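Student: I have a structure to go through and would like to ask about its charged pairs and its interior. Can we take them in that order?

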Amino acid sequence: MEASSNKRMLYLFAIMVIGFNLRPAITSVGPLLGTIRDQIGLENWSAGTITSLPLIAFAVVSPLAPKFGRRLGNDQAVLLGLVLLFVGIGIRSIPYTPTLFIGTAIIGVGIAIMNVLLPAVIKEKFPHKVGQMTSVYSTSMAIFAATASGLSVPLAKNAGLGWELALLSWAVLTVVGIIVWIFVLRQDSNSKEEQVALSDRSYNDGNLWKSPLAWQVTLFMGLQSFIFYVIVSWLPEIMQSFGFSVSAAGWLVAYVQFIGLPSTFLAPVLAEKFSNQQGIVLGIGGGATIGFAGLLIGGPLPLIFVWVTLLGVTFGGAISLSLAMLGMRARNAEQASSLSGMAQSIGYIFAAVGPLFIGLLFDITQAWNASLIAIVTVCLLMTLAGLGAGRNKYV
C-alpha cells in the first residue's frame, strides 16, 4: 500500500538518509589504505582484504536479508542494518588487526541488509514511484560515496584526526539514520504487521531461481557491477598506459563517478515513463561498448578523455537502472526483497571477481588489449541481459 500523503515526505527523507549511509564506510577506506597498512603493520594482500571483505559480506548476506525483512518487517530490518553499520564503524576504528577486520565484516553485513531491503521498502511505500525514489537514493549514495573518498585524506592529515577518527567520523551519518528510522517506526507502528500479512501470501523464493526474467535482472545487475568495479580498480593503470600522470589518472576515477551523477538520477526517472526499459538499456550498453572500444583503439589524450566521460555517464545510469528494475519487475515488496537478495548476491560475486579476472589477463599478456576486449564482451553480454530484464513483465 502506498504511503499516505502525510508520511511521504518523512519516508522520502528517511530513504535519502539510508542512501547517504550505503557507501562512505567503504569508499573512505581506499585513500587511507596505505596509512592503515603501515601503522598496523599489515602485508599488502592483507590490506587489500579490507576492501574486499564488504563485497564478500554483500554476496553472503544478500540472500538472507529478505528473511530478516519477513521476520522483523522491512523497516525494522533496515534499522538493524543501520545499527550493525554503526557498531562496525566503531569496532573498525580501534587500531588493532582483529578489530579492523571484524569491524569491516560487520559493516558489510549491515550495508548488505540495507542494500537488499531498501528496494522492497520503496516498492511497499511508493509502488507507483519506484523509478523516482530509486533516483533519490541511488544519487544520494553516489554523491556520498565520492565525497567520502575525497574527504578521507583531508580529515586524517589536514584536520589531524588520523585514520581512526577519520573513518569513525562517518558514524555521524549512521547516528542520524538511526534517529530518523526510529522516528519512522514510531510513526508507522503497523508496518511489521502489514509486512507479515503480506509474507503469508508471498512469492516463493525458490521460484525466482527458476525464472528467466529474474536471472536476466540478476545478470544485468552482476555484469554492470563487474565492469564498474573494474573501472574503479584498473582505470588509473589503463590511463597511465596512455600517458596520463599518476595524479591525473587518480583524479579521473573521481571524475568518472561525479560525471555519472546526472545519469544516475535520470535513468530510473526515465525508466518509469516507458512501458519497458529496453531503449534505455540499449543506450547504456551501446555507450559502454563504444567507450571501451575507444580505449582499445586508442588515440590522442583528448579523445581518450571523451571515452572516459562516456563510461562515467553510462555506468552512472547502469547502476541506478539495475536498482530500479528490482522494484519494477516485482509485483509487491515481498517479491522485490527476494529479487533484490538474489540479484545483489550474484552481483557482488561478479563485482569481486571482475577486478581479479581483468588483472589476471593483464598479468598474462602484459598489455591492456586482451583485458579491454574482455570488457567489451562483458558490455555486450550486459546489454543482452538488460534487454531481457527491461521487458514489461513481472518475475
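Student: Is arginine 70 buried, partly exposed or exposed?

Tutor: This is a predicted model, in which local features need pLDDT of at least 70, side-chain atom pairs count only at pLDDT 80 or more, and totals for chains, interfaces and linings use all residues. Residues are numbered from 1 along each chain as its sequence is written, and side-chain values use heavy atoms, with hydrogens and water left out. Buried means under 20% relative accessible area, exposed over 50%, and partly exposed in between (1.4 Å probe, protein chains only). Arginine 70 has a relative accessible area of 22%, so this residue is partly exposed.

Student: Which residue forms a salt bridge with arginine 70?

Tutor: A salt bridge here is a side-chain nitrogen of Lys or Arg within 4 Å of a carboxyl oxygen of Asp or Glu. The N to O distance for the arginine 70 pair is 2.9 Å, and the other side chain is that of glutamate 334.

Student: How many residues apart in sequence are the parts that glutamate 334 and arginine 70 tie together?

Tutor: Helices are DSSP runs (H or I, at least four residues), numbered from the N terminus. Glutamate 334 lies in helix H18 (residues 333-365) and arginine 70 in helix H5 (residues 65-72), so the parts they tie together are apart in sequence by 264 residues.

Student: Which residues are linked with Lys125 in a network of salt bridges?

Tutor: Lysine 125 and aspartate 75 form a salt bridge, with the closest N and O atoms 3.7 Å apart. Lysine 125 lies in helix H7 (residues 97-125) and aspartate 75 in helix H6 (residues 74-92). Both are buried. The residues linked with Lys125 in the network are Asp75 and Glu124.

Student: Which helix gives the most to the largest nonpolar core?

Tutor: A nonpolar core is a set of buried Ala, Val, Leu, Ile, Met, Phe, Trp, Tyr and Cys residues joined through side-chain atoms within 4.5 Å. The largest has 100 residues, and Ile227 and Phe315 are among those with the most contacts inside it. The greatest contribution, 13 residues, comes from helix H13 (residues 212-241), so named by its place in the numbering from the N terminus.

Student: Which residues does serine 371 contact, leaving aside neighbours within four places in sequence?

Tutor: Serine 371 sits in helix H19 (residues 369-389). With a relative accessible area of 1%, serine 371 is buried. Contact means heavy atoms within 4.5 Å. By that rule, serine 371 contacts Ile358, Leu361 and Phe362.

Definitions and conventions. Helices (H or I, at least four residues) and strands (E, at least two) are DSSP runs, numbered from the N terminus.
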